[in-house]
Amino acid sequence: MESMSQNTDPALLSQQAHAHYDAGRWNEAGTAYEWVLQKNPGDAFAWYRLGNVREEQGRDMDAIACFERSVALDPRHAPAWNNLGSARQRLGQVPAAEAAYVEAVRHDPALIEPRINLGRLAEARGDLARAAASYGAGLEHHPGNPMLAHLLAAARNESPTRAPAGYVAPLFDAQARVFERHLVEDLDYRVPDMLAALVRPALAAGPPGPPVLDLGCGTGLMGAALADAGVRMDGIDISPRMLERAGARGLYAQLLHGDIPEVLATLDAARYAAVLAADTFIYFGDLTELFQRVERVLSPGGLFGFSVEGLPEGRWRLQPTGRYAHALDYLRERARATGLAWRSAGAARIRRERQAYIEGFVVLLEKPASG
């Protein structure tokens, strides 16, 4: 950065900062924006961009300071208000976060993110009517938007058969940076370890390097849980940013991008000794197609392990959170219909949420051996 510090042309400094930002070189972008703001501390957009960089670096207090400077200089900049709200919310400053989201909507009623964020806050308080109103207002500006439409259906107690790909992919792309730390440290998420404990004995007894498929692999927590098992792990995920993080672990032989049912249809039959899905079926209601496609890629004697959020009765239901819950009887029914043997089902705390735990099940099925 020495050469940059000697350059006094603010336009060139901004150009270099934006290039680093667009390439995702966050440390370099942060340093470059610092130089830009030394030359021109009144650059509201540079403060906004620096706030985004600080978010990517996990420095939320610094991000808040940057966004506050940005909106002080340009009060009409709705994305800065929204991102200020997100940073405040991550630090538990919920009323201040909500106030920032309201400002974002006031200055740009068509901006999707604050509509979603306000709806999520209302849903967390149990005010589903207000949540639905926020999502519905967003849909007036963006008809057919899959994220808004899915959340509106959840708030209205409707149950489409699955979350649309256009909901899941942006959700996890946006969460990729903080996903693992938040899930494991803040929400006490241990499902990959539970599934690994179920299948490890059978995989150890099998041939060397048995192939295992991780459905909805995310950042690779399932791969990490089985890293000492000597397996050959493949992963599927719909989020490119999640796959980047999983690939950085170096634990997967192959990572496949796409919608899980569609990717499963392209894989060779009887290929895997185990198929695992940790917290993946919370984005699917009807599991018929998924069970059929998993059964096809399992080798005889292969294991199918997965988690679900629990539903006391019925079959499956979309919850106000936008996630699906499933009843054990429904899972048994789908297993029988698909020709999979029921090995076990144990009650499990899936994750912590709002001062309590989400209760669910960890299930293990088996494809009968031929003959």
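Reader: Why is Ala270 called partly exposed?
Author: Its relative accessible area is 40%. Buried means under 20%, exposed means over 50%, and partly exposed is in between (1.4 Å probe, protein chains only). Ala270 at 40% falls in between, so Ala270 is partly exposed. The model is predicted: local features need pLDDT of at least 70, side-chain atom pairs count only at pLDDT 80 or more, and totals for chains, interfaces and linings use all residues. Residues are numbered from 1 along each chain as its sequence is written, and side-chain values use heavy atoms, with hydrogens and water left out.

Reader: Where is Ala270, and what is its phi?
Author: Ala270 sits in the loop between α16 (260-266) and β4 (272-277). Helices are DSSP runs of H or I with at least four residues, strands are runs of E with at least two, and both are numbered from the N terminus. The phi of Ala270 is near 50 degrees, a positive value in a residue other than glycine. Most residues other than glycine have a negative phi.

Reader: What makes Asp279 count as buried?
Author: Its relative accessibility is 11%. That is under 20%, so Asp279 is buried. Asp279 lies in the loop between β4 and α17 (288-297). Its phi is positive too, near 60 degrees.

Reader: Why are α8 and α9 called roughly antiparallel?
Author: Helix α8 (residues 112-124) and helix α9 (residues 128-141) pack at about 165 degrees, with axes 7 Å apart. Axes are lines fitted to C-alpha atoms, for helices over the stretch in contact, and angles run from 0 to 180 degrees between N-to-C directions. Under 35 degrees is roughly parallel, over 145 roughly antiparallel, 65 to 115 roughly perpendicular, and the rest oblique. About 165 is over 145, so α8 is roughly antiparallel to α9.

Reader: What makes α3 and α4 roughly antiparallel?
Author: Helix α3 (residues 26-39) and helix α4 (residues 44-56) pack at about 150 degrees, with axes 9 Å apart. About 150 is over 145, so α3 and α4 are roughly antiparallel. Contact means heavy atoms within 4.5 Å. Among the contact residues are Trp26 and Tyr33 in α3, and Trp47 and Leu50 in α4.

Reader: How do you know how many disulfides the structure holds?
Author: A disulfide is a pair of cysteine sulfur atoms within 2.5 Å. The structure holds zero disulfides.

Reader: Why is Cys66 called buried, and why Cys217?
Author: Cys66 has 5% relative accessibility. Cys217 has a relative accessible area of 5%. Each value is under 20%, so Cys66 and Cys217 are buried.
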